[in-house]
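Q: I would like to learn how to read burial and strand pairing from a model. Where should one begin?

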Amino acid sequence: MAQPLDPTTRDAIAERIRFYRDLGVTDLYRRAVDTAPADGVGADTGTDMGAPGPASETRVSSTQPNFIGEEPAIPARKGFSSPPQSATVIPAAARPAALKLIREEIGDCTRCALHKGRNKLVFADGDPNARLMFVGEGPGADEDAQGLPFVGRAGQLLNNMITAMGLRREEVYIANVVKCRPPGNRTPEPEEANTCMPFLLRQIDVVRPDVLVALGATAATYLLGARQPLAGLRGRVHSVRGARLIVTYHPAYLLRDPRQKKEAWADLQIAMKELGLKPPGRK
Ligand code: URA
């Protein structure tokens with residue numbers, strides 16, 4: 001349950017947001033530059049979304065996000081520049097309110113064409129202080145009706161995957177690349193995804209998950225900033241915005257081809273290892 005902020009803190013955050021907005025800076029709530037690796041795996045210089053940092057086999061993706069790459073694989077939203085890392089860390093107690101502010105800024109969004117077919121905008125679900133965050137593609141019919149991510153059949157499977165990891169849905173944070181349902185559940189157009197992505201990145205910066213799981217190619221593409229076959233992205237630990245990113249199949253794909261569940265479980269086990277989790281029942 002979101003803890004209300006005291007009025008002074010809330011006013012201070014609002015004031016800071018106004019200040020940055022007046023400067024034309026729209027990308028707030030960023031994590032601090034990590035000066036030391038959290039787990040000793042490799043130095044995270046906090047440059048994974050900015051200038052190239054030292055490459056590490058396990059931590060740093062060689063690809064650059066579409067927003068900043070010189071030759072973006074996906075057309076960048078005009079006028080959206082590279083979000084640099086800043087020293088601003090939202091304290092855990094203030095994260096619910098910070099997320100609420102992002103939701104308020106999104107408002108009754110008409111920034112892209114997807115709003116035309118929208119019933120409910122799907123912001124996110126879960127714990128604002130989660131160590132694990134899942135990113136899907138975009139709402140389907142059930143999500144559009146309820147205003148929550150992953151509540152349909154694919155959501156049931158995602159819930160089972162979360163349970164298999166020894167966690168509860170309420171303990172993780174779940175969001176999508178786009179917040180409005182694409183017509184007929186089609187893949188979001190680059191223009192739509194690039195319009196919505198800055199909000200997702202800000203959600204990531206507020207929540208500061210240790211591990212991000214990209215569910216399917218769309219999430220992987222927009223988080224990593226390059227379109228690559230899923231096969232080449234799975235089985236490795238990438239780095240996005242200071243979080244370790246694992247790429248796996250989308251639950252909807254697993255519903256169509258359940259034989260791939262074993263592969264998905266192998267991916268989730270990488271995520272669990274990064275989180276220091278053991279499967280339930282194992283000591
Ligand atoms: N598929 C997604 O990618 N996201 C949802 O929220 C639901 C289904």
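The dialogue below goes from the whole chain to one strand and its partners.

A: Begin with what kind of model this is: it is predicted. Then take the inventory: the protein chain has 9 helices and 6 strands.

Q: What share of the 283 residues is buried?

A: A residue counts as buried when its relative accessible area is under 20%. In this chain, buried residues make up 51% of the 283. The chain exposes about 13,400 Å², and 52% of that comes from carbon and sulfur atoms.

Q: How are contacts spread along the sequence?

A: Take the contacts in the protein chain between residues at least 6 apart in sequence; 75% of these join residues at least 24 apart.

Q: Why is strand E4 said to be largely enclosed?

A: Count its buried residues. E4 covers residues 211-215, and 5 of the 5 are buried, so the rest of the structure largely encloses this strand.

Q: Which way do the E4 side chains point?

A: Sort the residues by direction. Val211, Val213 and Leu215 point one way from E4, while Leu212 and Ala214 point the other way; all are buried.

Q: Which strands pair with E4, and in what sense?

A: Look for the bridges. Strand E2 (residues 132-136) pairs with E4 in the parallel sense over 4 bridges; here Phe134 has Val213 of E4 as its bridge partner. Strand E6 (residues 243-248) also pairs with E4 in the parallel sense, over 5 bridges. In that pairing, the bridge partner of Leu212 is Leu245 in E6.

Notes
Residues numbered from 1 in each chain as written. Predicted model: local features only at pLDDT ≥ 70, side-chain atom pairs only at ≥ 80, totals over all residues. Heavy atoms only, no water. Buried < 20%, exposed > 50% of the residue type's maximum accessible area, 1.4 Å probe, protein only. Helix = DSSP H or I, 4+ residues; strand = E, 2+ residues; numbered from the N terminus. Pairing = 2+ DSSP bridges. Contact = heavy atoms within 4.5 Å. Areas by Shrake-Rupley, 256 points an atom, 1.4 Å probe, with all protein chains shown as cover.
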